[in-house]
Amino acid sequence: MTELEKMTAGVLYLPGDSDIMKEQTKCMEKLYDFNMTRPSEGDKRNKMLKDMFAEMGEGCYIEPPLHANWGGAHTHFGNYVYANFGLTLVDDSHIYVGDNVMFGPNVILSTAGHPILPELREKGMQYNLPVHIGNNCWLSAGVIVMPGVSIGDNSVIGAGSVVTKDIPANVVAVGTPCRVMREINEHDKEYYHRNHKIDWNEINI
């Protein structure tokens, strides 16, 4: 197995391998061009993202700057994904994002880790585990998702949380490490934030 093949296989490998660096540099060149686009160049950005990412659904929007180890080459976005400023994709392995997902500013999705044993880190060893984000999730500002983590459909992750373990569907989860605070419930059908009531007559759904 080559170092490039090991990279997405979940085993230890050397990320400085020459073949890896050659392919990664090509991806980073595309990312650089994307981040240099002007705010008025929406159509150009969309075309670039479809070329950069492994999968890019319809109606997606990413606000530059975007940071990504592989420029999105191992990242799979569903439809209508929105990412605010400063999304970081440590996409050395695959990142899967469902439909209608929202990322606040400075969210980090990381597939990459390094072994605890110092002798292995001294050699520059790395391993990568995929990240899965379900449909209709909202990850608030500054959320960090660690390697191998899955977040279930409809769940909300509070600002600044560090998600180290899987989060089930239909919950609000917060904290460092991130823990489930409560399920999404009937109260959420009446209030959108604390004591701010939803006026269903004014919402066009």
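Mentor: Let us open with proline 177, a residue of the loop between β18 and β19. Please keep in mind that the model is a predicted one.

Trainee: Which residue does a cis peptide bond join to proline 177?

Mentor: The general idea comes first: most peptide bonds are trans, and most residues other than glycine have a negative phi. In the case at hand, the bond between threonine 176 and proline 177 is cis, with omega about -5°. A cis bond also joins proline 64 and proline 65, where omega is about 5°. Proline 65 is placed in the loop between β2 (61-62) and β3.

Trainee: What is the phi of glycine 175, in the hairpin of β18 and β19?

Mentor: Glycine 175 takes a positive phi near 110°, and the hairpin has four residues between its strands. For residues other than glycine, a negative phi is the usual case. Asparagine 100 departs from this with a positive phi of about 55°. Asparagine 136 likewise has a positive phi, of about 60°.

Trainee: Where is asparagine 100 found, and where is asparagine 136?

Mentor: Asparagine 100 belongs to the loop between β7 and β8 (102-103), and asparagine 136 to the loop between β12 and β13 (138-139). With a relative accessible area of 39%, asparagine 100 is partly exposed. The value for asparagine 136 is 39%, so this residue too is partly exposed.

Trainee: How should one read the strands on either side of the hairpin? In which sense do β18 and β19 run?

Mentor: The bridges between strands give the reading. β18 and β19 run antiparallel and are joined by four bridges. In one of the pairs, valine 172 has arginine 182 of β19 as its bridge partner.

Trainee: How many of the five residues of β19 are buried?

Mentor: Zero of the five residues in β19 (residues 179-183) are buried, so the strand lies largely in the open.

Trainee: In what order do the five strands of the open sheet stand?

Mentor: In a regular strand the side chains alternate between the two faces of the sheet. The open sheet here has the order β1-β4-β7-β12-β15, with parallel pairing. At its edges stand β1 (55-56) and β15 (150-151); each has a single partner strand, so one side of each is left without a neighbour in the sheet. β7 and β12 pair in the parallel sense over three bridges, and isoleucine 95 stands opposite valine 131 in β12.

Trainee: Which residues have the most contacts inside the largest nonpolar core?

Mentor: They are Phe77, Phe103, Leu109, Leu139 and Ile151, in a core of 36 residues. At least two residues of this core come from each of α2 (18-35), α3 (42-52), β7 (95-97), β12 (131-133) and β18 (171-174). The element that gives the most to this core is α3, with three residues. Apart from this core lies another, of five residues, including Met7, Tyr13, Ile20 and Trp70.

Trainee: What does leucine 139 touch, beyond residues up to four places away in sequence?

Mentor: Its contacts are Met102, Phe103, Gly104, Val107, Leu109, Ile133, Val145, Ile151 and Ile157.

Trainee: Is histidine 74 buried or exposed?

Mentor: Buried means under 20% relative accessible area. Histidine 74, at 12%, therefore counts as buried. This histidine sits in the loop between β3 (67-68) and β4 (75-77). Beyond neighbours within four places in sequence, histidine 74 is in contact with Met7, Ala54, Asp91, Asp92, Ser93, His94 and Ile95. By contrast, histidine 187 is partly exposed, at 42% relative accessibility, and lies in the loop between β19 and β20. The C-alpha atoms of histidine 187 and lysine 197 are 9.8 Å apart, with ten residues of separation along the chain.

Trainee: Which residues of the lining lie nearest the centre of the largest pocket?

Mentor: A pocket is read through its volume and its lining. The largest pocket has a volume of about 650 Å³. Of its 20 lining residues, Trp138, Val156, Arg182, Asp188 and Tyr192 lie nearest the centre. Arg182 is the residue already met as the bridge partner of valine 172.

Trainee: Which element supplies the largest share of this lining?

Mentor: The largest share, three residues, comes from β20. β18, β19 and β20 (191-193) each contribute at least two residues to the lining. By residue class, the lining divides into twelve nonpolar, five polar and three charged residues.

Note on methods. Residues are numbered from 1 along each chain as its sequence is written. This is a predicted model: local features need pLDDT of at least 70, side-chain atom pairs count only at pLDDT 80 or more; totals for chains, interfaces and linings use all residues. Side-chain values use heavy atoms; hydrogens and water are left out. A nonpolar core is a set of buried Ala, Val, Leu, Ile, Met, Phe, Trp, Tyr and Cys residues joined through side-chain atoms within 4.5 Å. Buried means under 20% relative accessible area, exposed over 50%, partly exposed in between (1.4 Å probe, protein chains only). Contact means heavy atoms within 4.5 Å. Two strands pair if DSSP finds at least two bridges between them. On a 1 Å grid over the protein atoms alone, a cavity is a set of points where a 1.4 Å probe fits but cannot get out, and a pocket is an open set with protein on both sides within 12 Å along at least five of seven lines; lining residues have an atom within 4 Å of a point. Grid points are joined across faces, edges and corners, and a volume is the space filled by probe spheres set on the points. Ala, Val, Leu, Ile, Met, Phe, Trp, Tyr, Cys and Pro count as nonpolar, Asp, Glu, Lys and Arg as charged, and the others, Gly among them, as polar.
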